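I opened the model to look up two sheets and the contact between the chains. My entries follow in the order in which I checked things.

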Amino acid sequence: MPKSPVYDYDLICIGSGAGGNVAASIAAKKGKKVAIVDQAPKLGGECPNWGCVPTKALLRAAEHYEMAQNASKYGINTGDVSFDYKKVKAWKDLAVHRTGTEDAEEFFESHNIDIYRGHAHFIDKHTVSVNKKRYKARKFLIATGTRSFIPPIENIEKAGYITYEEAIDFTKLPSTMAVIGGGAIGCEFAELFATFGVKVTVFEATPRLLSREEPEVSELVKALMIKRGLDVKTGTIVRKAEKHGKTKTTLHFNDHNHSGQLTVDSVLIAAGKIPNVDLGLENTGVEYDRHGVPTNEYMQTNVKHIYAAGDVTGPYQFTHTASYQSRLAGNNMFTRKDHWQEADYHNIPRCVFTSPEAASVGLTQAQIEEHGVKTKIGLAPVNTIGRSNTENHSSGLVKIVCNTKGTILGASIVAPHAGEMIHELAVAIKYQAHAHDIANMVHAFPTWSEAVKVACASVK
Amino acid sequence: MKKHIVKRRGHTEEFDERKLYASIFNALTVVRVQTADAELIAEKVAKYVKDWLTSKHEVTSKDILHKAAKELESFNDDAAYLYLHHRSVS
């Protein structure tokens, strides 16, 4: 009779971010023997250490600075407004500290989760090697996240650049900056630094910023950036970088008709992310590609005892999808199949923390129409509602996309607090509500959410 | 730091850059790459694999094979194919 394998763990999670730690906690609570392996200098993953938390804290500081600059319009005397960026960073560090990631190791150990700091490399389907020690597990969860994609710009490595990981730790701001990439990360950093007086130029290779969102959103975000003094070059590719003197960098770029050069103090690359898949997956048979490790609806890879969650699998690279997927994986791997839960991505909110925020949920008009489905559209500017008057803010819109029966399939908002407002529409999509259901619902006056009601009432 | 390679039969060996260099060089010469070029390419591929190993303590011989073949492919497709599929040259 063959010997049954002896495992060190029921579950090993590779990665301690939102994609890994939720499943680890669920499994540990079920009495399973669990370990987490992470090679990053800090536990907790990207979001609290280098991503969402520090950037939102910095953006909050920028918002206060801008409000103080404009306070005299409302009868508030502030005198000269200035900032100390070392203290701005200190505030950011406090926000990161308060997430508790510095104590993550103790937290995990108190929840009976073993922690190994190092690179995990699969030796076979049930074994990983970490710091020359091998650990066998019945199941694995790959939650290794992503890293910045560096586009093929000639000489960029020699000329030098930073990514979001360095950009959150400035103590002194450059005078000029190029941001390569006009997605969510690029737009947020561009606005952040521009608010603090940096002369920022944004290069986006596709014809518009936030290119996966509705064109109306992209156009408005671009127009608002230009109004703030940013130079936004869409449809423009940076081809070459050269060191200019000791501290500056010259970028060579071109669009369809023109080529040009720009010399800046700092180059921030925010041109997307690539999955961390250098784990010896070839030794397990787990399939992967340049987009990451694909899974089925239960978060299993093609090798059924190896699961994946978070940015490394997609389809969205958000903390909220990572923790959602990790919860599904943690549940599914240790329950009977008739209790397994399927991933459902059709009402995942997407937020970009520009000023004002841009948020969306569901499908865009183009995504729906490319499947041959006819649409009805509702569109409302925010400047018609009461809150726009009392806030002295007139830029923004709400777009609702429905099928011909009026069922809401997608929505986009550009407005202050759009990231909060979008959840009403996420619920509407989840429960297949019609636009008239939202239009007939009483919305409090004066709130930004009244714009959602107005947009739903305008669907035709 | 010594790097351990887990061989097909489960035992481990230390990573030997010279051995990797030799097998890459052999594959290149079989497809008639000039000796001087073959030396240069083999050196680059071996260095690439060595750099890749920096953050790792233990990998399999299959990992080395695939990593080296992928890098070799960017210089010479035929040699990479030969290196990957004909173990007698490696």
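**Three-strand sheet, chain A**

I started with an open sheet of three strands in chain A, ordered β11-β12-β13 and paired antiparallel. I note here that the model is predicted. The edges are taken by β11 (237-244) and β13 (259-264) of chain A; each has a single partner strand, so one side of each is left without a neighbour in the sheet. I looked up the turn between neighbouring strands of this sheet, and the average is 20 degrees, direction ignored.

Next I went to the pairing of β11(A) with β12 (residues 248-254) of chain A: the two run antiparallel and are joined by seven bridges. For one bridge I noted the residues: Val238(A) has Phe253(A) in β12(A) as its partner.

**Five-strand sheet, chain A**

I then traced an open sheet of five strands in chain A, with antiparallel pairing and the order β17-β18-β21-β20-β19. At its edges I found β17 (350-352) and β19 (375-381) of chain A, each with a single partner strand, so one side of each lacks a neighbour in the sheet. Neighbouring strands here are turned by 10 degrees against each other on average, direction ignored.

I followed the edge strand β19(A) to β20 (residues 397-403) of chain A, and counted seven bridges between these antiparallel strands. Opposite Pro381(A), in β20(A), I found Leu397(A).

**Contact between chains A and B**

How many residues does the contact take from each chain? I got nine from chain A and eleven from chain B. I sorted the residues on the side of chain A that touches chain B: one is nonpolar, six are polar and two are charged.

Notes
Residues numbered from 1 in each chain as written. Chains lettered and ligands numbered in written order. Predicted model: local features only at pLDDT ≥ 70, side-chain atom pairs only at ≥ 80, totals over all residues. Contact = placed C-beta atoms within 7 Å. Nonpolar A, V, L, I, M, F, W, Y, C, P; charged D, E, K, R; others polar. Pairing = 2+ DSSP bridges. Helix = DSSP H or I, 4+ residues; strand = E, 2+ residues; numbered from the N terminus. Axes fitted to C-alpha atoms, helices over the stretch in contact; angles between N-to-C directions.
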